[in-house]
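Dear colleague,

I am handing over the structure we spoke about, and below it you will find an account of what turned up when I went through it. Please read the text with the structure open beside you.

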Amino acid sequence: MKTFTKTVISLPLLLVACNGCTSEIKQSGNAVAPNAASDARCPYLFMSGRNKKLEDVLGSSLPNPPSSEPHDHWSVYEHTSDGRILRLFNYGRTKCCVLEAGRKPRIIDTPAGAYLNRDNQVILTCTDLGRGDVLFPNNLHMRLRSFVVDADGQYICIGGAYCNTMTKEDYVVPITIHSVHEPEKILAVCKMNGTLHRSVCFQDKLYVFAHHKVQEAQGVMSMDCEVYHRRGGELAFAESMNIKCPPRG
């Protein structure tokens, strides 16, 4: 596998809070806009203390959580591939805080377990976070053990290592990539066998990340990543890499 030296992911809006990189966000009134000259570069997936980091960076632009309930806080973050929209969901994904460059922050209500596309439209819902019964726009139902969806709402990655919450047993199944609009069709099969972490569309590529709990338990902080070219409705494997966590500083 290659180390993270050849391919650089530069995503202007969300990378502001990563360890080991610098960027700038400017506030105009209550609106948040990325610095046009920003050249922040670091692995997207490593964002330690993500809630506190976002609070530090966004300050008063970040609205208060939906309620004071223990689980009702901004616990999930994602951003679109063009870097213009940062979204934060509460625990049940019933409310979404949308921060968009040049616009005032707003909170929108969503169906429970909702996933959105880059236009903030619901593209699927699930009964449990990242698994369970999934309902697609064409009324197709699928029961999935583990999945992730990119913030543009284009692809759903299914499988990898997971734990059966009932039996407490660990399983590993191949990670497959599907179009959200045609979930029954397999576009690609990953060679990674870790736990699905995140998928990101950027320019003409799809990045799929997976981590290994055993390695993390041993203090090895890294992610495996596979990169695919997006050509029309198909995916073509481009490269794989292993991304090391930036040193704390």
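**Leu 235 and the cores**

Leaving aside residues up to four places away in sequence, Leu 235 touches Tyr 155, Ile 177, Leu 187, Ala 188, Leu 206, Tyr 228, His 229 and Arg 230. Please keep in mind throughout that this is a predicted model.

Leu 235 also belongs to the largest nonpolar core, which has 16 residues and in which Tyr 155, Ile 177, Cys 190, Leu 206, Val 208, Tyr 228 and Leu 235 are the residues with the most contacts inside the core. The elements that give two or more residues to this core are strand S13 (155-163), strand S14 (170-179), strand S15 (182-189), strand S16 (195-202) and strand S17 (205-211), and the largest share, three residues, comes from S17. A second core, separate from this one, has 14 residues, including Tyr 115, Cys 126, Leu 140 and Val 149. As background, nonpolar side chains in soluble globular proteins tend to be buried together.

**The chain as a whole**

The protein has two helices and 19 strands, and of its 249 residues 49% are buried. If one takes the contacts between residues at least 6 apart in sequence, 44% of them join residues at least 24 apart.

**Aromatic rings and the charges over them**

The structure holds three aromatic pairs, and I describe two of them here. Tyr 162 and Tyr 171 form a stacked pair, with 5.5 Å from centre to centre and 20 degrees between the planes; Tyr 162 is buried at a relative accessible area of 15%, whereas Tyr 171, at 33%, counts as partly exposed. The rings of Tyr 228 and Phe 237 have centres 5.7 Å apart and planes at 75 degrees, and this pair is therefore edge-to-face. In that pair, Tyr 228 is buried, with a relative accessibility of 2%, while Phe 237 is partly exposed, with a relative accessible area of 43%.

Phe 237 has a further partner, since Lys 191 lies over the face of its ring, at 5.8 Å from the ring centre. Elsewhere, the charged end of Arg 198 sits over the ring of Tyr 77, at 4.5 Å from the centre of that ring.

**Cysteines**

How many disulfides does a search of the whole structure find? The search finds zero. Cys 157 is in no disulfide, and the nearest cysteine sulfur, which is that of Cys 190, is 6.1 Å away; for Cys 190, likewise in no disulfide, the nearest cysteine sulfur is that of Cys 157. A disulfide would need the two sulfur atoms to lie within 2.5 Å, and the separation of 6.1 Å between Cys 157 and Cys 190 therefore does not qualify. Cys 157 is buried, with a relative accessible area of 0%, and Cys 190 also counts as buried, at 7% relative accessibility.

**Ser 222 and its surroundings**

Ser 222 lies in strand S18, which covers residues 222-231, and at 4% relative accessibility Ser 222 counts as buried. The side chain of Ser 222 is joined to that of Asn 242 by a polar contact of 3.5 Å. The C-alpha atoms of Ser 222 and Ile 243 are separated by 5.4 Å, although these two residues are 21 apart along the chain.

**Two asparagines with positive phi**

Most residues other than glycine have a negative phi, and against that background two asparagines may be worth your attention when you look over the backbone. Asn 120, which is not a glycine, has a positive phi of about 60 degrees, and its place is in the loop between strand S8 (114-116) and strand S9 (122-128). Asn 139 has a positive phi of about 70 degrees, again without being a glycine, and lies in the loop between strand S10 (131-135) and strand S11 (141-144).

Is each of these asparagines buried or exposed? Asn 120 is buried, with a relative accessible area of 17%, whereas Asn 139 is exposed, with a relative accessible area of 60%.

With kind regards

Conventions. Residues are numbered from 1 along each chain as its sequence is written. This is a predicted model: local features need pLDDT of at least 70, side-chain atom pairs count only at pLDDT 80 or more; totals for chains, interfaces and linings use all residues. Side-chain values use heavy atoms; hydrogens and water are left out. Buried means under 20% relative accessible area, exposed over 50%, partly exposed in between (1.4 Å probe, protein chains only). Helices (H or I, at least four residues) and strands (E, at least two) are DSSP runs, numbered from the N terminus. A polar contact is a pair of N or O atoms within 3.5 Å; within protein, one must be able to donate a hydrogen and the other to accept it, and residues adjacent in sequence count only if both atoms are side-chain atoms. A nonpolar core is a set of buried Ala, Val, Leu, Ile, Met, Phe, Trp, Tyr and Cys residues joined through side-chain atoms within 4.5 Å. Contact means heavy atoms within 4.5 Å. Rings of Phe, Tyr and Trp (its six-membered ring) pair if their centres lie within 6.5 Å; planes under 30 degrees apart count as stacked, over 60 as edge-to-face and the rest as tilted. A charge sits over a ring if NZ of Lys or CZ of Arg is within 6 Å of the ring centre and within 35 degrees of the ring normal.
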